[in-house]
Structures are given as C-alpha cells and as structure tokens.
Amino acid sequence: MTAQPPGHLLHEPHHDGSPTYLEHESPSLGWPVKVRVRTWAGDPVESVWVRTTYDAEPTFHACGVVSHEEHAVWWEGELPVHNPVTHYRFLLADADGNQRWLTAAGVVEHDGPDTFDFRVTVHEPAPDWGRDGVVYQVFPDRFARSAAADERPVPDWAVPAEWHDEVVFEGSDPHTPLQYFGGDLDGVVEHLDHVAATGATILYTTPVFPGESNHRYNASTFAGVDPLLGGDAAYARLSSAVHERGWRLLGDLTTNHTGDTHEWFVQASADPASPTRSWYYFNHDGSYECWLGHGTLPKLNLADPSLRAAMVEGPDSVVARWLRPPYDVDGWRIDVANMTGRLGAIDVNNDVAQAVRRTAAAERPDPLVIGEHNHDASGDLDGDGWHGTMNYSGFSWPVWSWLRDPESPARSFGRPLPVPRRTGPLVHRTLREWLARYGWLAASTSWNILGSHDSARIRTVTGSGEVHRVAAGLQFTLPGVPMIFAGDEIGLEGVLGEDSRRPMPWDRPELWDRATLAAYGALAAARRDHDALRRGGLRWAHVDDDTMVFLREHPSGSVLVCARRSAGPALDLPAGPLGLTDGSLLLATEGDGPDLRDRRGVVRLPAGGPGLWIWRL
C-alpha cells in the first residue's frame with residue numbers, strides 16, 4: 001500500500017447522512033430532500049450528479065454549486081424520495097472527462113455495485129434517548145447481591161459459588177452455565193450510583209425470566225421474573241429507581257427460542273395435539289429444531305400465527321406486557337435477532353421485526369428495539385424493524401484488530417482463530433465499509449460495543465489500560481451508541497464470553513482501574529455536551545498504521561479526534577481543509593495536550609501515545 005501524505009483524506013469529496021450534508025434524516029415519502037457534497041477547492045470537479053433509483057431504475061439529478069470557499073466547494077441537489085428506502089451515490093466529472101463515484105465507503109473510479117450506496121429511509125427513526133444515550137449492560141447473576149439474596153435457597157439445577165470464586169468457563173465443563181453466584185435485581189438498585197459514574201443513561205439487563213442456567217437465555221416462562229432475582233416486585237423496584245434518575249430500562253427477550261423447561265415446550269412435547277405444538281419445529285421422529293444443536297434451546301416457529309400473537313403481536317403478547325406498569329420497560333434488546341423467524345427455506349424475520357416494533361409503539365410513545373446480530377445485519381436494518389444492532393462487525397472487530405495486543409489470549413466467538421492485529425488503513429477501510437453497508441441512520445443508532453457477556457473483555461484484548469482507554473475513546477467518538485459491559489469501566493478481564501462474566505469486585509478496590517473509570521465518565525460527559533459526538537458527520541483527516549484522525553462535524557460546532565495505538569511523532573495537517581482556525585483541548589485520555597492553532601496553514605497535532613485526544617473546533 002502506497003503511503004499517502006498527511007491530510008490527503010481531507011481532499012476527498014465528502015457526503016454523509018448528518019445534518020451538514022442531508023436536509024432530513026427521515027424525509028417524507030414522495031418529497032425530495034436536499035443533499036450536499038463538499039469538494040476540495042483544489043479538486044477540478046466541473047459537474048456533480050446525484051444518482052438514485054426510481055423503482056430500481058437508475059436516474060440522475062444535477063447538483064449545482066451553492067458556496068465557493070477558500071478551501072471547499074459546496075454542491076447541492078435534490079434527491080427524490082420515491083421509495084421507502086432510497087439508495088443514492090454521486091457522479092463527479094472534471095473538464096477532461098474523468099469520472100468518479102462518491103459512495104458511502106469512499107471515492108471509486110470504477111462502476112461498482114450498489115452495495116455501498118448512501119441510503120435514506122422514510123421510516124420513523126429511533127427515539128432520541130436511544131441514540132443520544134449511553135448503555136450499561138448488566139449480567140444480573142454477576143453484578144451484585146443484595147442482603148435478600150442470602151435468604152434464598154439455591155435451586156436444584158445450580159452449582160453454588162462464593163462471590164470471589166473463579167468462574168468456570170470451559171465450554172466442555174457441564175458446570176459452565178450452572179455456576180450460580182446469586183446476584184439479584186435489588187443488588188443492581190444498590191449500585192446505580194456507580195452506573196451513573198460511567199455516564200450511562202440506559203440500563204440494559206440480560207434476561208430476568210426464570211431459566212435453569214446462570215444466563216437465563218433458556219426461559220421456562222415469560223410470565224414472571226425469576227424469584228432468584230427478587231421476582232416481579234424487585235423488577236418493578238429497579239424500573240422505578242432507573243426512571244427516577246431520568247434513565248431508561250431495556251429488557252432482553254429471546255424471540256428465537258425458549259428453554260426446554262418452558263411451559264409452552266413442556267406442554268408441546270408431552271402432547272402432540274397440544275395447541276403449542278406448532279409453536280416449535282417438531283420432526284416426525286419426535287426430535288425438534290433448536291439453537292445451533294443445543295437441545296435445551298428449542299427453536300420457536302414464528303411463522304405460526306398463534307405463537308406470533310402470544311410472543312410479539314398485540315397487547316397480550318410478551319413484547320407488550322412488560323412495557324406496561326409496573327415494569328415500564330422502555331424497549332427490548334432482541335437476542336439472536338438474526339436467526340429469529342429463520343429456518344432453512346422459512347424466513348419471516350422482517351415480519352417479526354416489524355411486529356415487535358409495531359407492538360412496542362402501541363404501548364409506548366418512544367420504544368427502542370435493538371437486534372443482536374454478530375455479522376452483516378444490513379439486510380435487517382431498513383428502518384421498519386430493528387432500529388439498530390449490536391455492532392460487532394462494524395465496530396468491535398475492527399477496533400479489536402487495530403488495538404489487539406499480539407500477546408493477548410483473548411478469543412472472539414464464532415471465529416476459529418483470534419482476531420488478527422491490523423494496520424490503521426485496513427481498519428479504516430473496514431469501518432467505512434460497514435458504515436456504508438448499514439447506512440448512516442442505522443449505524444448511528446447501533447451499539448458501539450467493545451465486548452459483551454458473549455465475548456472477551458476489551459482489557460484482555462488490549463493488554464494495557466492506556467490502549468483500553470483508546471478503545472473507549474473510539475467507542476464514544478465514532479458514530480454509534482456506546483454500550484459498556486459492566487466491569488469494562490474498571491478494567492475487568494476475561495479471555496472469552498464465559499470468563500468475561502466474572503462478578504463485579506465491589507469490595508476489592510485493588511482490582512479497580514480508577515483512571516479508566518474516570519475516562520469513561522469524562523468521555524460520556526463530552527458526548528452528552530457536544531452534538532457533534534452524538535449527531536455529527538464523520539470526515540476522515542488522516543490514517544496511518546498507528547494513528548487515526550477524524551472530524552465529527554455538526555452545525556452547532558465540530559470536534560477533531562486523534563487516536564494513537566502507540567507512541568508517535570507530531571503530525572502536521574492542513575488547517576484549511578480541516579476548517580480550523582483554532583481548537584481547544586476538550587479531553588485527553590492520557591496526560592494533557594495543547595490547544596490547536598493554525599500556523600501558516602498547518603495544524604500540528606502533538607507527539608505521544610498511546611492515547612486519544614478531542615479538540616473542540
């Protein structure tokens with residue numbers, strides 16, 4: 001790969017779905033929306049067209065110059081919004097007849113497929129609280145025990161553990177899903193001040209329904225909260241405590257499967273004539289379809305109308321019931337959303353997603369529905385179903401691959417080999433392609449996750465607190481919603497999903513990385529206080545093997561972010577294309593940093609690293 005001079009990315013034509021470049025993020029069907037393109041003043045662009053598709057037929061619409069600045073030329077055109085999801089790209093030509101396409105993944109000089117086109121949808125966007133907030137994920141069994149937990153008998157299925165015991169995490173060990181630490185919902189309530197210190201405003205818990213495992217993804221009923229967690233009353237207390245702080249509460253629902261002890265399945269397996277028999281996929285020999293071969297997780301047949309009514313459709317469904325008082329859940333994270341409603345030739349996934357969304361909207365004015373999907377979710381994110389996804393492919397794995405310590409024992413799920421360590425240009429390309437694949441609105445609504453209860457811990461991936469804080473900085477400054485897995489903020493470790501579920505060490509301060517906790521709080525405050533970090537565009541300024549620099553642009557003010565995975569020299573960038581006269585340091589994850597000044601057309605970013613710096617422009 002040929003090395004490029006610093007700042008060359010600033011000379012690329014640019015457009016994205018932010019307010020600087022798109023008039024309405026969710027326009028009305030049948031009405032045109034204004035789109036803008038920024039080109040560098042030194043780029044000999046003579047004409048620009050926006051190309052879209054009208055009922056799948058390509059059409060071109062001319063753009064004109066609306067502003068000619070010293071360093072930038074602004075073009076504007078009208079995009080017809082004829083279809084609910086409108087794809088578009090820009091054709092740029094110069095006086096010599098050279099042509100280029102500006103796509104959401106960047107500029108190309110060949111006629112490529114529509115995969116990376118920009119997209120705009122007329123469907124209602126996610127609620128503001130879901131896009132502007134910070135999510136904190138709690139795995140109840142491992143977060144905190146209240147005094148009441150000591151009075152509850154250990155269930156027959158469980159292998160009891162003391163709070164500071166080591167977690168069993170080998171998949172071949174039958175105790176792995178049965179090791180029971182006894183965290184409960186009142187324990188969560190008692191530690192909400194700690195959650196507040198991270199800057200979180202959305203509390204998301206993994207399932208609270210009863211299930212014969214520590215993770216509870218094998219529900220035995222959806223009619224009540226597990227008594228081991230404190231039961232329905234404890235969930236109502238948690239909801240009240242969360243909402244009193246002005247926060248939101250998200251539940252976790254397995255629409256793809258139940259446990260084999262679920263009342264529906266028990267009835268169905270005992271009686272072939274049972275009304276719930278068709279709710280599952282039974283074979284002629286009495287066997288049944290299940291999640292990836294796990295017999296304890298029989299798969300739900302969401303093509304069945306009666307199951308749809310019980311699970312996802314209407315006021316009597318599971319989806320609806322928990323959104324009402326006294327629980328007042330504000331929305332759902334849908335487990336295995338990618339597999340929900342899909343089995344071989346059967347695919348009702350989008351129907352189910354729409355039903356969940358429709359049912360939630362009938363119960364609450366502003367619900368959020370996020371679908372779990374650990375690879376390419378683009379086909380499921382047109383805006384009429386899931387609002388967004390847990391963005392493993394578009395955020396987690398690229399960030400892991402840039403910041404991974406080569407000596408790290410961390411393992412990613414679903415991959416036979418560890419995530420490799422890659423250079424900045426490769427990671428930059430990955431980030432751009434996934435952002436393009438999802439579209440601006442869906443990507444901005446999806447969760448930027450550094451890890452979860454299903455993956456290794458980010459601290460184990462990075463191997464150091466300094467690099468961990470760079471990862472957190474990217475989590476809060478790239479488009480998307482930060483999701484913190486409880487314990488990441490204090491530097492907990494874990495080599496894979498089960499090991500990452502170590503209990504929170506509340507009474508062991510020697511295990512707490514206070515610098516990292518402070519960094520999370522500061523990053524959340526910066527994101528809360530600056531529109532650019534929540535709603536701003538993304539324009540790349542410089543990328544090399546160990547450094548990434550980008551702008552988040554917004555009409556109310558922009559910011560410049562510099563992330564380094566290792567120590568590096570000072571970096572000079574052209575001030576004009578940055579649109580910068582000066583910049584005041586907003587935040588540094590390590591030490592301090594200077595304010596920025598335009599000195600004869602050049603801005604000097606300081607030497608140093610690893611670290612992340614944010615300047616207010």
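This is a tour of the predicted model, with a selection to make at each stop and a description of what is found there.

Because the model is predicted, local features need pLDDT of at least 70 and side-chain atom pairs count only at pLDDT 80 or more, whereas totals for chains, interfaces and linings use all residues. Residues are numbered from 1 along each chain as its sequence is written, and side-chain values use heavy atoms, with hydrogens and water left out.

**The parallel sheet**

Select strands E20, E19, E16, E13, E12, E9, E22 and E21, which in that order form an open sheet of 8 strands with parallel pairing. Strands here (E, at least two residues) and helices (H or I, at least four) are DSSP runs numbered from the N terminus, and two strands pair if DSSP finds at least two bridges between them. Strand E20 (388-389) and strand E21 (447-449) stand at the edges with a single partner strand each, so one side of each has no neighbour in the sheet. Within the sheet, select residues 202-205 (E12) and 248-253 (E13), which pair in the parallel sense over 3 bridges; the bridge partner of Tyr204 in E13 is Leu250.

**The antiparallel sheet and the helix across it**

Next, select E23, E24, E25, E30, E27 and E28, the 6 strands that form, in this order, an open sheet with antiparallel pairing. Its edge strands are E23 and strand E28 (596-597), each of which pairs on one side only. Residues 582-588 (E27) and 611-616 (E30) pair in the antiparallel sense over 4 bridges, and Arg616 in E30 is the bridge partner of Ser584. Now add helix H14 (residues 465-477), which lies across strand E24 (547-552), strand E25 (559-564) and E30, and runs at about 35° to E30. Such angles run from 0 to 180 degrees between N-to-C directions, and axes are lines fitted to C-alpha atoms, for helices over the stretch in contact.

**Two packed helices**

Select helix H10 (residues 392-403) and helix H11 (residues 424-438), whose axes come within 9 Å and cross at roughly 175°. That angle makes H10 roughly antiparallel to H11, by a scheme in which angles under 35 degrees count as roughly parallel, over 145 as roughly antiparallel, 65 to 115 as roughly perpendicular and the rest as oblique. To see the contact (heavy atoms within 4.5 Å), show Ser393, Gly394, Pro398, Ser401 and Trp402 of H10 together with Gly424, Val427, Thr430, Leu431 and Trp434 of H11. These residues divide into 5 nonpolar, 5 polar and no charged, where Ala, Val, Leu, Ile, Met, Phe, Trp, Tyr, Cys and Pro count as nonpolar, Asp, Glu, Lys and Arg as charged, and the others, Gly among them, as polar.

**The pockets**

On a 1 Å grid over the protein atoms alone, a pocket is an open set of points with protein on both sides within 12 Å along at least five of seven lines, a cavity is a set where a 1.4 Å probe fits but cannot get out, and lining residues have an atom within 4 Å of a point. Grid points are joined across faces, edges and corners, and a volume is the space filled by probe spheres set on the points.

Centre the view on Trp291, His294, Asp454, Glu498 and Arg501, the closest to the centre of the largest pocket among its 44 lining residues. This pocket holds about 1200 Å³ of space, and its lining divides into 17 nonpolar, 16 polar and 11 charged residues. Strand E15 (residues 294-298) gives the most to that lining, with 3 residues.

Then move to Leu9, Glu12, His428, Arg429 and Arg432, which lie nearest the centre of the second largest pocket, lined by 30 residues. Its volume is about 970 Å³, and H11, already selected as a partner of H10, gives the most to its lining, with 6 residues.

**The cavities**

The structure holds 5 cavities of 30 Å³ or more, and the largest has a volume of about 320 Å³. Of its 28 lining residues, select His15, Asp16, Ala104, Phe118 and Trp440, the closest to its centre; E8 gives the most to the lining, with 4 residues.

For the last stop, select Thr121, Leu381, Gly383, Leu441 and Ala442, which lie nearest the centre of the second largest cavity, where about 160 Å³ of space lies. The largest share of its lining, 4 residues, comes from H12, and by class the lining has 10 nonpolar, 5 polar and 3 charged residues.
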